[in-house]
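Biologist: Here is a chain that I would like to go through with you, step by step. Please explain each term as it comes up.

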Amino acid sequence: MKVKKRQHRMEHQVKAYAFIAPSLLILTVFVFIPLAGAIGISLMNIDIYMKNISFAGIANYIKMFQDERVANATFHTFYFALLEVPLQMIVALLLLMFMLRNTKLHKLLRTVFYLPYVCSMTAVSIMWSMLLNTHYGMLPYLLGKIGITMPNMLSSTTWAMPTVIFVTVWKGFGYTLTILSAAALGVSESLYEAAEIDGATGLQKFFYVTIPGIRDTIGFCVVTTLIMALQVFDQIYVMTGGGPQYATETLVGYIYNRGFQTAPYDLGYASAIAVYLFCMIAIITVILRKYAFPQGGDET
């Protein structure tokens, strides 16, 4: 009897592994192998031409912690992430408050808000760069018509990063809104009815029924948005190039600069910074998932 149970369990395990095998293969090829390669390269003195390769040990990591531009890029990476993620979540939740019903109007609005997300970040960045250009941009021109002189936002050390954050939120909040809307529509209608019988207002129902009901989904959105924010590159590369005066240079931008843009194209050093960024993201993600947004919350 025990043998049959064991065989039955083994059959189920084989089927389970067969189902996850394709995903595991993709993860191995595109995540685990490149990660192992990056760690290996970070311990080497190597450039993009693969000449004069030598073992460096932890020299690249020591150099990294003494590099002021790494500290500057780390600061601006967190500056971007700690502003962009809360703003994107707040905008999405505020709109969700008025779009809890699955009416035709709400469906249309969700579609309209989602459209920027499916556009290329490069295209969106170019569009906003043109709109904000003080020589031929539409926004400075329209503001000039009413007597307001708009500064060159992308050339200002004060306004460049907030401008990039604004563009990122504008592009991404529709995705977050779509995910949250799907979760909110799954909250039991009986909970809203019970709250209404108790005399709850619309705002109270949102904060005491909707928010607890989509808590896990909010956690998912925060964590995934934060991971993407810590890896920001496209919009900064297109709109500011990391300037002015490195005021918008982030870790991924500096990795690209050291590895592929500036001689001697030090892949070993760039990989060491990449491993540093990976460890930072991994630690933050684990802390958030374990303490801030643990699984198995009150979602209904």
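Modeller: Let us begin with how the lining of the largest pocket is shared between domains, whose bounds come from an automatic or database domain assignment. The lining of the largest pocket draws at least three residues from each of domain 1 (1–45) and domain 2 (62–292). This is a predicted model, in which local features need pLDDT of at least 70 and side-chain atom pairs count only at pLDDT 80 or more, while totals for chains, interfaces and linings use all residues. Residues are numbered from 1 along each chain as its sequence is written, and side-chain values use heavy atoms, with hydrogens and water left out.

Biologist: What is the volume of the largest pocket?

Modeller: Work is done on a 1 Å grid over the protein atoms alone, where a pocket is an open set of points at which a 1.4 Å probe fits, with protein on both sides within 12 Å along at least five of seven lines, and lining residues have an atom within 4 Å of a point. Grid points are joined across faces, edges and corners, and the volume is the space filled by probe spheres set on the points. For the largest pocket this comes to about 460 Å³.

Biologist: Which helix gives the most to the lining of the largest pocket?

Modeller: Helices are DSSP runs of H or I with at least four residues, numbered from the N terminus. Helix H1 (2–42), helix H12 (251–261) and helix H13 (267–292) each supply at least two residues of this lining. With eight residues, the helix that gives the most is H13.

Biologist: How many residues of the lining of the largest pocket are charged?

Modeller: Ala, Val, Leu, Ile, Met, Phe, Trp, Tyr, Cys and Pro count as nonpolar, Asp, Glu, Lys and Arg as charged, and the others, Gly among them, as polar. The largest pocket is lined by 16 residues, with Leu 35, Gln 231, Ala 274, Leu 277 and Phe 278 nearest its centre. Of the lining residues, 14 are nonpolar and two are polar, and the number charged is zero, that is, no charged residues.

Biologist: How many charged residues are in the lining of the second largest pocket?

Modeller: The second largest pocket has a volume of about 280 Å³, and among the residues nearest its centre are Tyr 117 and Met 121. Its lining divides into seven nonpolar residues, six polar ones and, as for the charged, three.

Biologist: How far apart are the C-alpha centres of domain 1 and domain 2?

Modeller: Six residues of domain 1 are in contact (heavy atoms within 4.5 Å) with six residues of domain 2. Their C-alpha centres, however, are separated by 32 Å.

Biologist: Why is there no bond between the sulfurs of Cys 119 and Cys 221?

Modeller: A disulfide is a pair of cysteine sulfur atoms within 2.5 Å, and the structure holds zero of them. Cys 119 is partly exposed, at 38% relative accessible area, where buried means under 20%, exposed over 50% and partly exposed in between, with a 1.4 Å probe and protein chains only. Its sulfur has its closest cysteine sulfur in Cys 221, and there is no bond because the distance is too far, at 20 Å.

Biologist: Which residues does Tyr 246 touch, not counting residues up to four places away in sequence?

Modeller: Tyr 246 is found in the loop between H11 and H12 and is partly exposed, with a relative accessible area of 41%. Although Tyr 246 and Arg 69 are 177 residues apart along the chain, their C-alpha atoms are separated by 8.3 Å. The residues touched by Tyr 246 are Arg 69, Asn 72 and His 76.

How values were computed:
Contact = heavy atoms within 4.5 Å.
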